[in-house]
Amino acid sequence: MKPRLLCFFVIALALTVAAIPQASQAQTISLFPDEVPNGVASAAGEQYHQRIDLTLTGSPVANSRMVTVTLPGELTYVPNSATVASNLSTIRGFFAGLKSSGNQLNFGVSGTGLSGRIVTLEFDVTTPTNFTGIANGSKKDTSYTFDFSPQSNLTDTDVPVAKHQNRPVRAIAFSAPHASNGDTTEAGGQFYKMDFPSGLPDPSHSAISGLTSTGQGGSLAGGRFMVDTQTDVLYSFYLSQDSTLVERPLSLSPVSFYSSLSDPGARNAPLVGTRQNPRLIPHTFIRENFETVFSSASRDSLNGMISLAGTVDGGVYYIYVLADPADARFPSAWRPLWGGYTKKGYDPSTLGAFSGGVFLGRSGPLLVNHPPEFVVAGW
């Protein structure tokens, strides 16, 4: 074939392909965490929380069976744990039941003006002691399948998720101590200020974490809009010289935490203490708008300081993190009017309820250098 004729056919083919209508991606979907560990045991009351944010674009149309989410194999849905919320009071989301297979969740949405809005789906899963066919310490990439109804004007898609076999979850990254390079303590080595590249994520939407209601919309089950005036998630931090931990050993307790902010809740009194003798609290909090309380505000300049009490001078430590529902958010004893509810609430006897005790992140190595200490006698 002559070069000119070949060029003609290539151009003609390109124009033909361009003329064919292409399916448009009418939404974006984010999953947190996008890693699921083995060994989240239902018999032990453990649950692993999944938050899925659907950002709707194009011309979406609400309907009672808007999307069906199919879980990957060996992930088992925790009954009565599915909830839906949106970022607009006029949009009502709801769980529309299971399909017969039991691992397919139906969700519906009602309302108008969906374009540009976010609908948040949340549910809990459990996992077997060991995933089938995955080597110890490794992972297998799989996905959640999203099938949208033809009437919705949305596009079917798969959302990646990794199944971990006795492998750490790294859903939360540290920038200090740097996740890979690590860091060394300064200014005496008694406290250390943690930092995160983009703030701490929120595993649970405010509308389904028990926050104050505006009074708009229907019942909470129907996705009542919530005002985010309080905190949603309680983070706790742990120090260990073991860099390989996957879940919290029962012997490992949270490190103390220094904050110059006022107490959470209604007390609103400043924390008592100074640099020399600060008041220590065991946890920190984040807000639904993804702005962590680790900020540059003057009252917050020392917030994020964890205590290094009990560490060895010259020792290398790693900081681990767990997440729980914040104080008074969906207490375990709370049950809505529409029946039993299995979503985890605040429980002071439990640590890491969102992830079944599996750590959501680990920092890089932190070299702790303590200052010399002297005993002065005779005066």
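These are my notebook entries on a predicted model, covering one sheet, the salt bridges, a cavity, a pocket and some backbone outliers.

**Entry 1: the sheet**

I started with the strand order. The model has an open sheet of six strands, ordered 2-11-10-4-8-7, and the pairing is mixed. I then looked for the edges. Strand 2 (35–37) and strand 7 (92–98) are the edge strands, each pairing on one side only. I also looked up the twist: on average, neighbouring strands of this sheet are turned by 30 degrees against each other, direction ignored.

Next I took one pair from the sheet. Strand 4 (residues 67–70) and strand 10 (residues 139–148) run antiparallel and are joined by four bridges. For V67, I noted F148 as the bridge partner in strand 10. As background, strands of a sheet pair through backbone hydrogen bonds, either parallel or antiparallel.

**Entry 2: salt bridges**

How many salt bridges does a search of the whole structure find? The search returns three. I went through them in turn.

R51 pairs with D53, and their closest N and O atoms are 3.2 Å apart. Both R51 and D53 are buried.

E74 pairs with K163, with the closest N and O atoms at 3.7 Å. E74 sits in the loop between strand 4 and strand 5 (76–77) and K163 in strand 11 (residues 157–164), so this salt bridge ties together parts that are 89 residues apart in sequence. I checked accessibility at both ends. E74 has a relative accessible area of 29% and is partly exposed, whereas K163, at 7%, is buried.

D141 pairs with K139, and here the closest N and O atoms are 4.0 Å apart. The cut-off for a salt bridge is within 4 Å, and I list the pair as the search gives it. D141 counts as exposed at 59% relative accessibility. K139 is partly exposed at 42%.

**Entry 3: a cavity**

I turned to enclosed space. The structure holds four cavities of 30 Å³ or more, and I examined the second largest, with a volume of about 50 Å³. Its lining consists of L54, L56, M66, V67, F107, V109, V119, L121, F148 and L154. V67 and F148 both appear in that list, and they are also the bridge partners from my first entry.

Which strands each supply at least two residues of this lining? They are strand 3 (48–56), strand 8 (104–110) and strand 9 (118–126). I also sorted the lining by residue class: 10 residues are nonpolar, with no polar and no charged ones.

**Entry 4: a pocket**

I then looked at open space. The second largest pocket holds about 380 Å³. It is lined by 18 residues, and the closest to its centre are E46, T350, L351, G356 and G357. By class, the lining of this pocket divides into four nonpolar, nine polar and five charged residues.

**Entry 5: cis bonds and positive phi**

Most residues other than glycine have a negative phi, and most peptide bonds are trans. I looked for exceptions.

The peptide bond joining F32 and P33 is cis, with omega about -15 degrees. P33 lies in the loop between strand 1 (27–32) and strand 2. I noted another cis bond from A176 to P177, where omega is near -5 degrees. P177 belongs to the loop between strand 11 and strand 12.

For phi, I returned to E74. E74 is not a glycine, but its phi is positive, about 75 degrees. This is the E74 that forms a salt bridge with K163. N166 also has a positive phi without being a glycine, at about 50 degrees. N166 is placed in the loop between strand 11 and strand 12, and it is partly exposed, with a relative accessible area of 38%.

**Entry 6: V169**

My last lookup was V169, which lies in the loop between strand 11 and strand 12 (183–184). Is V169 buried or exposed? Its relative accessible area is 0%, so V169 is buried; the cut-off for buried is under 20%. I also checked a long-range neighbour in sequence terms. V169 and G361 are 192 residues apart along the chain, and their C-alpha atoms are separated by 6.2 Å.

Conventions. Residues numbered from 1 in each chain as written. Predicted model: local features only at pLDDT ≥ 70, side-chain atom pairs only at ≥ 80, totals over all residues. Heavy atoms only, no water. Pairing = 2+ DSSP bridges. Axes fitted to C-alpha atoms, helices over the stretch in contact; angles between N-to-C directions. Salt bridge = Lys/Arg side-chain N within 4 Å of Asp/Glu carboxyl O. Buried < 20%, exposed > 50% of the residue type's maximum accessible area, 1.4 Å probe, protein only. 1 Å grid on protein atoms, 1.4 Å probe; cavity = no way out; pocket = protein on both sides within 12 Å on 5 of 7 lines; lining within 4 Å. Points joined across faces, edges and corners; volume = space filled by probe spheres on them. Nonpolar A, V, L, I, M, F, W, Y, C, P; charged D, E, K, R; others polar.
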